[in-house]
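Please look over the sequence and the model below. The report covers aromatic pairs, one loop residue and one helix packing.

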Amino acid sequence: MTTLMFILGIGLFVVGLLFSIAWHELGHLSTAKLFGIRVPQYMVGFGPTIWSRRKGETEYGIKAIPFGGYIRMIGMFPPGPDGRLEVRSTSPWRGMIEDARSAAYEELGPGDEKRMFYTRAPWKRVIVMFAGPFMNLVLAVALFLTILMGFGITQQTTTVSSVSQCVIAQSENRDKCEKGDPASPAAAAGLKAGDKIVSFNGVKTDDWNKLSDLIRANPGKEVPIVVDRKGQDVTLHAKIATNQVAKKDSGGQIVEGQYVQAGFLGFSAATGVVKQDFGESVTWMGDRIGEAVDSLAALPGKVPALWNAAFDGAPREADSPMGVVGAARVGGEIFTLDIPPTQQLAMALMLVAGFNLSLFLFNMLPLLPLDGGHIAGALWESLRRNTAKVLRRPDPGPFDVAKLMPVAYVVAGIFICFTILVLIADVVNPVRIS
């Protein structure tokens, strides 16, 4: 049964992956057609075609390797300086430029001269290239809202899990009381496991972060605490101690290894699945997007640890970069966890949502061959042309993005090497969630 559920989880992730890719390319396709650009192909996957069907002027299909997708638009690059679409050179770098330019005109037919990508205004090209990543962002937000507001997420609550008997500085990393440790305010006040804290010092407490902030902000004060104890409201009085506690960032998350002096009550909060309202969901998503941006920026620094995990048997870090194979494995592992089926589904959707958020951020990097590289090229062209107009200079014409193809090949090579490294690490030393 466990193996079957593992396979089911992998299958669901693959379906989510294929849908995400198709959804991304649909953004490019729909906007390209909206602006009259001819699109000969819309493909999900790479490699050999396993199914395709032509509708109108576009061939729609699925390829064997589900690691990406593409649409083929004619005239992605302008003609060369001599006005020709195809020339030849013995220079390898120049050859890359010419090959890219030639490929952009392979399916040029009669009447297509005004339907090429490069002939569209820069703002239209920006929309076409941005539409793909934007679709991933839309899908990520929709999935996050569905999970947060429909299923809920596991988080600390205002219910007491256990009560500390004494005050211990958190930096000491111990949980047993020693002689001379003062009694904790929670124990002295009679707080018990199972109590739900309803209000603190007259302020209603409906979530853990709010309660935690109130406790931290009142060191040395004696405050009334109302708890729900088996359906009955009970008022307790506690004198909040001053203690060394873990530092929290602006988002309410614990900062590892950093401590501050603050108020301390002395209990552990129980965890539970809590549905979020719309405002809480937006705040949560904002925090996750910020973390994703930070992770993307820190990606190069993670390569040494990833290499050690892949080839030297070093432990795989919990925040290690993970590829499609690793994510599929995690998707399978989710469905083997001993949690309710609704939470299994929520975690699986969260994985797909995170994948789409990563696709959006990654594709927005201003580097060819990514969508962000084409966006940057169109914006630069717009700047050049508008500057020339203001200065009453001749129109410089389209910016030839094809000239950046040698750089694009280098970037693509780096991405491929990194992908292979992640793949090896995902196979020999995978990230585990259990």
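Y60 is partly exposed, because its relative accessibility is 24% and the buried class ends under 20%. Y42, at 11%, counts as buried. The model is predicted, and the values here are computed from it.

**Aromatic pairs**

The count comes to eleven aromatic pairs. One of them joins Y42 and Y60: the ring centres are 5.6 Å apart and the planes stand at 50°, so the pair is tilted. Y42 sits in strand β1 and Y60 in strand β2. The two residues are 18 apart in sequence, and their pair links distant parts of the chain.

W208 and F267 form an aromatic pair too, and this one is edge-to-face. W208 belongs to helix α5 (residues 208-216), F267 to strand β10 (residues 267-274). Here 59 residues separate the partners in sequence. Both W208 and F267 are buried.

| Pair | Centre to centre | Angle of planes | Class |
|---|---|---|---|
| Y42 and Y60 | 5.6 Å | 50° | tilted |
| W208 and F267 | 5.8 Å | 90° | edge-to-face |

Ring pairs also build a cluster, made up of F130, F134 and F360.

**The loop between β1 and β2**

Which residue lies in the loop between β1 (41-55) and β2 (58-72)? E57 does. E57 has a relative accessible area of 27%, so it is partly exposed. Leaving aside neighbours within four places in sequence, E57 is in contact with K33, R38, V39, P40 and R115. Take V39: it is 18 residues from E57 in sequence, yet the two C-alpha atoms are 7.2 Å apart in space.

**Packing of α6 and α9**

Two packed helices are described by the angle between their axes and the distance between the axes. For helix α6 (residues 278-297) and helix α9 (residues 341-363), the axes come within 11 Å and cross at roughly 55°. The two helices are therefore oblique to each other. The crossing of α6 past α9 is right-handed.

Which residues of α6 and α9 make the contact? On α6 they are W284, R288, I289, A292, V293 and L296. On α9 they are M350, L357, L361 and F362. By class, the contact of α6 with α9 has nine nonpolar residues, one charged residue and no polar ones. The charged one is R288, because Arg counts as charged.

Note on methods: Residues numbered from 1 in each chain as written. Predicted model: local features only at pLDDT ≥ 70, side-chain atom pairs only at ≥ 80, totals over all residues. Heavy atoms only, no water. Axes fitted to C-alpha atoms, helices over the stretch in contact; angles between N-to-C directions. Helix = DSSP H or I, 4+ residues; strand = E, 2+ residues; numbered from the N terminus. Parallel < 35°, antiparallel > 145°, perpendicular 65-115°, else oblique. Left-handed = near helix turned anticlockwise from the far one by under 90°. Contact = heavy atoms within 4.5 Å. Buried < 20%, exposed > 50% of the residue type's maximum accessible area, 1.4 Å probe, protein only. Phe/Tyr/Trp six-rings, centres within 6.5 Å; stacked < 30°, edge-to-face > 60°.
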